[in-house]
Amino acid sequence: MLRKNLSFLTLLTPLTLLLLLIGCGSRPDAAVGSNITATSAPVPTPSVPSTTPVVSPKPINTTPSDASETILMVTHSKSDYLSFLNPASGSFEKLIVGQSPFAIAEGPNHRAYVSTAEGIAVVDTQLRRRVALVPYQADVGKPQFGEYRPGGMGIAVSPDGRYVYVGVYLPGRSRSQLEIMDTENLAMTGSVTVGIRPFDVIASLDGREVYSIDHDSYSVTAIDLASNKARTLEVAPYGRGGFEKPHYAAVRSDGRLLLPYQGRGLVVLDPVSGKYETKPLTGNTHQEGVALTPDGKQLLIFGIGSAGSATGKPNLTVLDIATHAEKIILLARMHQMIATSADGRYAYLTGGVTYADTGWNGMTVVDLASGAVRDFEIPDYPLDVQLLSR
């Protein structure tokens with residue numbers, strides 16, 4: 001039999017052998033995790049604002065060599081999943097985390113935590129699977145969607161990764177609460193009363209305190225984590241009324257909180273004393289998401305447009321922390337939250353604005369050096385966005 005097989009092979013031409021070898025390719029492995037599906041979002045022609053901005057947006061025609069390595073985590077607020085998104089191609093993988101996901105906080109050991117309407121979703125970012133869904137201590141009722149849905153909003157991880165802090169909105173009550181989750185036991189261990197609708201939660205750089213940005217209370221609640229005692233810091237530079245409310249904040253290298261208001265002023269809050277100063281801004285837009293560039297030198301602030309005392313168009317303010325110099329890039333669409341690339345060159349903005357259902361199904365990439373802009377579609381109202389660490 002061996003001799004017959006050898007005789008057969010000698011009759012095959014070199015071209016036939018080559019065709020047989022080509023047919024032996026293997027199928028790529030499927031994505032890890034049974035609740036992950038891969039899809040791709042179409043990338044339409046970049047949109048250019050009709051109004052001439054301070055920095056004129058230009059379509060991005062080239063892709064940086066390392067852009068394909070950038071992966072973003074995005075919450076899809078009108079559905080039940082987190083996506084792992086490649087912003088260069090628009091392709092993404094879905095991971096079901098819980099109804100109406102809001103914010104993301106990444107911790108050590110390949111863990112990320114997502115505040116949903118049902119509880120905190122614990123995600124293994126390496127395997128891309130949900131490890132647990134830890135319910136809140138508060139009774140948040142049946143999961144809902146939209147601007148005023150009850151449940152988790154802002155979320156943060158302690159610097160050592162031991163605890164997660166989540167602001168839980170409780171409609172119809174005069175206060176909300178911050179709940180604390182033990183990441184080893186995956187259980188809630190306590191809660192502290194905070195202001196209404198805690199849009200953002202931020203851990204101090206030394207891990208001793210956590211701050212709740214209380215949107216509807218015009219305040220910041222500072223919680224001492226050793227004693228769980230809370231202090232309410234009034235932060236209302238333009239009075240308590242209308243749209244002059246705090247939304248999101250960033251922590252400066254000296255521990256002070258940076259909170260923008262209406263494109264009119266940047267509050268620099270000392271959480272120890274509770275005192276603040278307000279530095280002027282010129283964006284003239286209702287400001288929402290903020291992010292520091294990785295080097296801490298620039299603060300990125302997005303504004304959705306006119307509301308209350310703000311009468312301008314949607315724009316992105318790039319603020320130099322040291323000099324307070326502003327560069328303003330006008331954009332055609334509204335956005336909610338923002339993240340940056342690892343090198344600080346690109347900003348990624350989500351379109352899922354929940355306010356009065358005024359958002360859109362997509363995201364925008366901004367080249368911070370040139371002002372170039374690119375929009376692409378992604379479904380289900382993308383809300384929070386975080387760069388996935390490697």
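Trainee: What makes four residues in the lining of the largest cavity count as nonpolar, and two as charged?

Mentor: The class follows from the residue type. In this predicted model, the largest cavity is lined by Ser77, Ser100, Pro101, Phe102, Gly146, Glu147, Arg149, Met153, Thr354 and Leu383. Pro, Phe, Met and Leu belong to the nonpolar class and Glu and Arg to the charged one, while Gly is placed among the polar types. The lining therefore divides into four nonpolar, four polar and two charged residues.

Trainee: What is the volume of the largest cavity, and what makes it a cavity rather than a pocket?

Mentor: The volume is about 90 Å³. A cavity is a set of points where a 1.4 Å probe fits but cannot get out, whereas a pocket is an open set. The structure holds three cavities of 30 Å³ or more.

Trainee: Which residues line the second largest cavity?

Mentor: Its lining consists of Arg252, Leu258, Leu266, Val268, Lys279, Leu319, Asp320, Ile321 and His324. Strand S19 (265–269) and strand S23 (315–320) are the elements giving two or more residues to that lining. About 50 Å³ of space lies in this second largest cavity. By class, five of the lining residues are nonpolar, one is polar and three are charged.

Trainee: And the largest pocket: which strand gives the largest share of its lining?

Mentor: That is S13, with five residues. The pocket has a volume of about 1100 Å³ and is lined by 40 residues, with Ile104, Ile202, Ala249, Val290 and Gln386 nearest its centre. Other strands that supply at least two lining residues include strand S5 (104–107), strand S9 (151–157) and strand S29 (382–387). The lining holds 27 nonpolar, ten polar and three charged residues.

Trainee: Let's turn to single residues. Why is Arg197 called buried?

Mentor: Its relative accessibility is 1%, and buried means under 20%, so Arg197 counts as buried. Arg197 is found in the loop between strand S12 (187–194) and strand S13 (198–203). Leaving aside neighbours within four places in sequence, its contacts include Glu147, Tyr148, Met153, Asp214 and Asp216. Glu147 and Met153 are also among the residues lining the largest cavity.

Trainee: How do you know whether Leu269 is buried or exposed?

Mentor: Its value is 0%, set against a limit of under 20% for buried, so Leu269 is buried. Leu269 lies in strand S19. Not counting neighbours within four places in sequence, it is in contact with Val220, Leu233, Val235 and Tyr276, among others. Leu233 is 36 residues away along the chain, with 9.2 Å between the two C-alpha atoms.

Trainee: How can Leu269 and Leu233 be in contact with their C-alpha atoms separated by 9.2 Å?

Mentor: Contact refers to heavy atoms within 4.5 Å, so the C-alpha separation of 9.2 Å does not decide the matter.

Trainee: What makes Tyr218 and Asp357 worth a look in the backbone?

Mentor: Tyr218 has a positive phi of about 55 degrees although it is not a glycine. Phi of Asp357, also a residue other than glycine, is near 55 degrees. Tyr218 sits in the loop between strand S14 (209–214) and strand S15 (219–224), and Asp357 in the loop between strand S26 (346–350) and strand S27 (362–367).

Trainee: Why is Tyr218 called buried, and Asp357 partly exposed?

Mentor: Tyr218 has 7% relative accessibility, which is under 20%, so it counts as buried. Asp357 has 47%; exposed means over 50%, and partly exposed covers the range between the two limits, so Asp357 is partly exposed.

Trainee: What makes a group of residues a nonpolar core?

Mentor: The members must be buried residues of the listed nonpolar types, joined through side-chain atoms within 4.5 Å. The largest core has 36 residues, of which Tyr113, Ile120, Ile155, Met181 and Leu299 touch the most other members. Strand S10 (163–169) is one of the elements supplying at least two residues of this core, and S10 gives the largest share, four residues. Ile120 touches Tyr113, Ile155 and Met181, among others.

Trainee: Where does burial stand over the whole protein?

Mentor: Of its 390 residues, 53% count as buried. The protein has two helices and 29 strands.

Definitions and conventions
Residues are numbered from 1 along each chain as its sequence is written. This is a predicted model: local features need pLDDT of at least 70, side-chain atom pairs count only at pLDDT 80 or more; totals for chains, interfaces and linings use all residues. Side-chain values use heavy atoms; hydrogens and water are left out. Buried means under 20% relative accessible area, exposed over 50%, partly exposed in between (1.4 Å probe, protein chains only). On a 1 Å grid over the protein atoms alone, a cavity is a set of points where a 1.4 Å probe fits but cannot get out, and a pocket is an open set with protein on both sides within 12 Å along at least five of seven lines; lining residues have an atom within 4 Å of a point. Grid points are joined across faces, edges and corners, and a volume is the space filled by probe spheres set on the points.
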